[in-house]
Amino acid sequence: MSVRPPVVQKRHLATELPGPRSRELMARKHAAVAAGVGTTMPVFAVEAGGGIVVDVDGNSLIDLGSGIAVTTVGNSAPRVVAAVQDQVAAFTHTCFMVTPYEGYVAVAEALNRLTPGDHDKRTALFNSGAEAVENAVKIARAHTKRQAVVVFDHAYHGRTNLTMAMTAKSMPYKHGFGPFASEVYRAPLSYPFRDGDLDGATAAARALDVVEKQVGAANLAAIVIEPVQGEGGFIEPASGFLPALAAWCRANDVVFVADEVQTGFARTGDLFACDHEGVVPDLIVTAKGIAGGLPLSAVTGRAEIMDAAHVAGLGGTYGGNPLACAAALAAIETIEAEGLVERAREVGTLMTERLRALQARDDRLGDVRGRGAMIAVELVRPGTTDPDPDLAKAVASAAHAEGVIVLTCGTYGNVLRFLPPLAIGDDLLGEGLDVLEAAFAAAARSEATR
Ligand SMILES: Cc1ncc(COP(=O)(O)O)c(C=O)c1O
């Protein structure tokens, strides 16, 4: 088995970014890969671990993105590597629907144990977040014998046909790709930064009024919501919003589905974001951080709902692939053994303190928000709440040029988001934030000379 030395935990720029080898590879990408598949940074990775991604030119970049919230336990985390190496040598695939294997069952048991609520649960495994969201809807429809699905403003649920319909933002996710699936309805979210002093209960009443008037509980199979929105801008609803929606669903026999694809597995400083307010969803959708970088997703929920789909109604060739299951069990063990829920809170405290200090000196940082290692700043034109996507782009580009991977998001494209791997050290995280601070200062200088 190949054993590589650990990746050196130091930012290092050997060339300008992108370097010559990355530029060559980018030319090959343009000639070979469909133009619709974009990249955030123009550098090609060769190795990653802890809080560092190394590129083909020998540049070591600080990772504040975790490949969009995936490598929560770190890239090539030791337990994940050992488990996958062992599994790949044993067998790579039989298809769980043909000759099942223990790893799949063990992941289901782990998810049934770890997800919110101590009721009887069942789990089904899939490949991607979008595929799992689609299956949650299928299951809710089979259980309720109803069709409608309610989602929220700013939501992101994926890029398949049904999940495009469920996603709010047109460009780039939906533009030109219609027609979309029917029976998907959108309700207003609680967005504290833009809602004035609307509290969670009132925002929930506003949303439920739309649901009752425009859909009707008797037609509604499921409400699907991200407990903290991801691509939509790391929007954390006001407290009381989620519990009120969950209670309404319970009272109306509507399936309450938490899409924890981005928020799950310690990311927010709880094992699941629903835990924060003690919300127990009927179904919970997980992916991303579940398997340390291998493609795996799941729907977990109340046994009587999960078992509503007929035998052979759920599945797929690769769903719950043995390598991904081995990785998931190792990732879960890593989260538990290394106290990563607690580590996410520490990371959150460190980032929030630094970003709030920066906000106190710079009124372009309209809002600093988030929980655990899922933190964002929403950028605005000073003295207003008008979104400033150009500033977000400028700061992200300046950070990229200095070797720090940061991502943007938000309906208005004006949110910088931070999703560091929990294997990152405080020093590296601090250095990443130093670079970010300098990037804000540089953006100020370039504005002044505009
Ligand atoms: C909340 C949420 N749901 C669903 C998805 C779709 O997951 P995938 O890209 O694995 O299909 C994402 C991806 O970013 C997500 O953040």
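A cavity here is a set of grid points where a 1.4 Å probe fits but cannot get out, and its lining residues have an atom within 4 Å of a point. The structure above is a predicted model, and it holds three cavities of 30 Å³ or more. Rolling a probe the size of a water molecule over the atoms shows where empty space is left.

The largest cavity contains about 50 Å³ of space. Its lining is made up of H154, A155, Y156, A168, K169, Y173, E231, G232, G410 and T411. Sorted by class, this lining has four nonpolar, four polar and two charged residues.

One of these lining residues, H154, can be followed further. H154 sits in the loop between β5 (148-152) and α6. Its phi is positive, at about 70°, although H154 is not a glycine. Is H154 buried or exposed? H154 is buried because its relative accessible area is 14%, and the limit for buried is under 20%.

Two other residues of the cavity lining, Y156 and E231, lead on to the ligand, since both also belong to the set of residues around the ligand. That set consists of S128, G129, A130, Y156, H157, G158, E226, E231, D259, V261, Q262 and K288. By class, this shell divides into three nonpolar, five polar and four charged residues.

Several of these shell residues come within polar contact of the ligand. A130 takes part through its backbone, where a polar atom is 2.9 Å from an oxygen atom of the ligand. Q262 takes part through its side chain, with a polar atom 2.8 Å from a ligand oxygen. The side chain of K288 also places a polar atom by an oxygen of the ligand, at 3.2 Å. How much of the ligand does the protein bury? Taken alone, the ligand exposes 390 Å², and 83% of that is buried by the protein.

Another space in the model is the second largest pocket, which holds about 570 Å³. A pocket, unlike a cavity, is an open set of points. The lining of this pocket counts 23 residues, and those nearest its centre are R4, P5, N75, S76 and V81. Two elements, β1 (45-49) and α3 (78-90), each give two or more residues to this lining. Of these, β1 gives the most, with four residues. The lining comprises eleven nonpolar, nine polar and three charged residues.

The backbone has some further features to look at, beginning with cis peptide bonds. One of them runs from L17 to P18, with omega near -5°. P18 belongs to the segment before α1 (20-32). Another cis bond joins M171 and P172, and its omega is about 10°. Where does P172 lie? P172 is in the loop between α6 (161-166) and β6 (184-187).

That loop between α6 and β6 is also the place of E183. Like H154, E183 is not a glycine, yet E183 has a positive phi, of about 65°. E183 counts as partly exposed because its relative accessibility is 27%, which falls in the range between the buried limit of 20% and the exposed limit of 50%.

Two residues show polar side-chain contacts with backbone oxygens. T334 is part of helix α10 (residues 322-337). A polar atom of the T334 side chain lies 2.7 Å from the backbone oxygen of A330. T334 counts as buried because its relative accessibility is 2%. R364 is placed in the loop between α11 (340-361) and β11 (365-371). Its side chain reaches the backbone oxygen of F440 at 3.1 Å. R364 has a relative accessibility of 6%, so R364 counts as buried as well.

The last stop is T385, in the loop between β12 (374-379) and α12 (389-401). How far apart are T385 and R194 in sequence and in space? They are separated by 191 residues in sequence, while their C-alpha atoms are 7.6 Å apart. With a relative accessibility of 39%, T385 counts as partly exposed.

Technical notes. Residues numbered from 1 in each chain as written. Predicted model: local features only at pLDDT ≥ 70, side-chain atom pairs only at ≥ 80, totals over all residues. Heavy atoms only, no water. Near = heavy atom within 4 Å. Polar contact = N/O pair within 3.5 Å; in protein donor to acceptor, adjacent residues only side chain to side chain. Areas by Shrake-Rupley, 256 points an atom, 1.4 Å probe, with all protein chains shown as cover. Nonpolar A, V, L, I, M, F, W, Y, C, P; charged D, E, K, R; others polar. 1 Å grid on protein atoms, 1.4 Å probe; cavity = no way out; pocket = protein on both sides within 12 Å on 5 of 7 lines; lining within 4 Å. Points joined across faces, edges and corners; volume = space filled by probe spheres on them. Buried < 20%, exposed > 50% of the residue type's maximum accessible area, 1.4 Å probe, protein only.
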